[in-house]
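Got the viewer open? Let's take a short walk through this one, one selection at a time.

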Amino acid sequence: MAQKLEQMTENISMIRTFWRTNAMMLLFLVALFNFKQVLQYYSSFSLAQTMTLLSDDNLLSLWLILDLLQFVFLVIALHVLWAVIITLSCKPWFTIFKDAGIRTQIWLVIMLSHITLVLGANAYWYPTSLLGFLRDTPLATPLGLTLLLTALCSLFLWGVITLVGKRLTFSVLAICLIMAGISSRSSSEHYAPTDNSSPNVFIIGIDALRPDHLSFRNPDNNFTPSINQFIQQSYLYDKTYTPLGRTYVAWMSILTGQYPVTHGARFNLAPPELIDKPLPLIRELKARGYKTTYGIDERRFNQIDTEYGFDQVIGPKIGAADAIIANIGDIPLTNILLKLAVSESLFPYLYMNRAYGKAYDPMLFNRKVTNSLSTSRPNFLAVHFCQLHWPFTSKNFIDVNSATWKGNYNHFMHQAMLSKVDVQFQQFMDTLQDRGFLDNALVYLISDHGEGFMLEEDTLQGSQPKGEARLKVNAWGHGTNVLSQEQANVLMAYRRFNPQVETAKKIQGIYSLTDITPSLFKELGLSLKPTDKAFDGHVLPKDMSQVVSQSVFVESSIPVKSINASFIDEAKVLSETLSKYEIRANGRAVLVPSIYREMIAQKQRSVYFQHWQLAMLPDYEDLILVDTDQNRWYSLATYQGDAPWRKMLSDLCSHYRDDKGFDPNNKCQQAQQRSKQLVTNQN
């Protein structure tokens, strides 16, 4: 009887310890959350308050609610499991000491040791975490963490042995170690296709990479030695432009060979019903036996998925919950779990997500992408690296000596991040090379858009008219101003990997990202179906004798004041734009279709021909002509030179004639009347 009473008392003590530990876990989470609010420029509460601008229907989206509830539930469950581990670690000590005061002291020591271990591991693996305050201390070193982990694991095993015995404990431990070893294995299988006649095709995109930050434009720029070396061995299409400086729209143009007016994606987060799917390029490649993969490490504004025809898509989960979870997800225990592959299922909005820069691991993303490739079939892979995208964060601190501080924070951080994306690119290419994927391959290296930093050297020169609104000839960001040349000018390099290496060349002329798919169709012998829309792009030349003059079109995105700023406040951006979006039943945010069509009328539009650009701006009455060689703009009304502006205007009017609200000042009609009058006078 006395033994049963003692056992009952023991059980009550353990249960009390468990709930007391849970209470401390809750207090721990609250304390960490409040600490983060002190450090953040804007709080999670401000973002939550901004979300109230959404309609009730959007906020009640089933999948949005389920995504948020899943995250909250798993965070709580993780900490409850942690409480169980701490409680079990106390059990053997409680069998030795019966005094309640001593037991409490033992519990406090074990619990604080666990908290120290988690905070130390978080600081070691994710130094830029807001909660990585133990960085640069002995507690966040391999030795300190190993000693503490060994001690706490020993305590836990002792507790489990006390509870269930040695045999069961070590059997479960062995199974767990084997499963961990299997899940952490990286594929090293060599590429060995049964038919080597079809080359692998890789389109590698680097977000916001400016050509003028590479050595082929400026030999003094040594931020990206690996990318520079690749370009030196490639066909380089010197002046290439993106159809629109937004990732989703640019990739749609890359994969379709069409401008936005043709493929229908005029903005990021376009309503999916307005887009023709699957894509002809992917359809034809799959018919040839290709395994098709799309990989991107930031999905908030790029929703390309398997509906576009791809066999698989690698990257974080798509959904409106991304913006919320990535903002509040900096929790030490969660961060540590992201090291495990199981987090891809448990925390799909944080795993491999560049938007959650504090825990993003570019090598992990590379490994997931390369491991997904087929070793027996030809591969088509379109992959996009987003490390250069705002807010220029990473899990490790930047090398402050890699860039020169000139008072422009965004530009300084962008330059400092160049070396990080260069390392990621080189590791990715090395893996492809080592595993044989480049033995027979076509590789395009591109950027989807540039980036504006309001640099003095980027400002177009010209005479501002007196008594009128000043023309904005420079801007922050991307896709915000068609006159900002550094936003539209992008990298496009092509290299053929095979035993007979082709000579690298720099091809003069102007080109568009829409030229990639037509070039692939020709090189691979693919054909469009009669029902497919024709390409807008052209086959890329391999020699200067093949170069022909062509017009290239560039348009802007949504005019958002809070984005065109030196510091982007996410709360302000959401406040300005949320009313334009709706959250669908699947939890994804898209532009409201009716507003989508209205916003097209607010676009800036331009055409490039030779070294000239002609721009039509909805808030500026006159047309603007830009000499890109001289970096100078002119008002077309007063221009007296010999630029081919009449042809350019004709092309611009023809290209955008079906857009709602296009040409509010009737410039196209006036040009036609002047042309007719000129013909009449000549006769």
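Which residues does the UniProt annotation "transmembrane region" cover? The unreviewed entry lists residues 21-42, 62-85, 106-127, 139-161 and 168-184. Keep in mind as you click around that this is a predicted model.

Start by selecting residues 62-85. You're looking at a span that is 100% helix and 0% strand, with its end C-alpha atoms 34 Å apart. Now hop over to residues 106-127: here the chain is 91% helix and 0% strand, and 30 Å separates the end C-alpha atoms.

Next, go further along the chain and colour two helices, H8 (residues 225-232) and H16 (residues 409-434). Their axes come within 7 Å and cross at roughly 55°. That angle makes H8 oblique to H16. Show the side chains where the two helices touch: from H8 you'll want Pro225, Ser226, Ile227 and Phe230, and from H16 pick Asp422, Phe425, Gln426 and Met429. Sorted by class, this H8 and H16 contact has five nonpolar residues, two polar and one charged.

Stay in H16 for the last stop and select Val421. Is Val421 buried or exposed? Val421 counts as buried, because its relative accessibility is 0%, and the cut-off for buried is under 20%. To see what surrounds Val421, skip its neighbours within four places in sequence and bring up Ile206, Phe385, Gln387 and Leu388, which Val421 contacts. Finally, draw a distance from the C-alpha atom of Val421 to that of Thr224: you should get 8.1 Å, though the two residues are 197 apart along the chain.

Terms used. Residues are numbered from 1 along each chain as its sequence is written. This is a predicted model: local features need pLDDT of at least 70, side-chain atom pairs count only at pLDDT 80 or more; totals for chains, interfaces and linings use all residues. Side-chain values use heavy atoms; hydrogens and water are left out. Axes are lines fitted to C-alpha atoms, for helices over the stretch in contact, and angles run from 0 to 180 degrees between N-to-C directions. Helices (H or I, at least four residues) and strands (E, at least two) are DSSP runs, numbered from the N terminus. Angles under 35 degrees count as roughly parallel, over 145 as roughly antiparallel, 65 to 115 as roughly perpendicular and the rest as oblique. Contact means heavy atoms within 4.5 Å. Ala, Val, Leu, Ile, Met, Phe, Trp, Tyr, Cys and Pro count as nonpolar, Asp, Glu, Lys and Arg as charged, and the others, Gly among them, as polar. UniProt positions are given in the numbering used here, feature names are shortened, and annotations may be inferred rather than shown by experiment. Buried means under 20% relative accessible area, exposed over 50%, partly exposed in between (1.4 Å probe, protein chains only).
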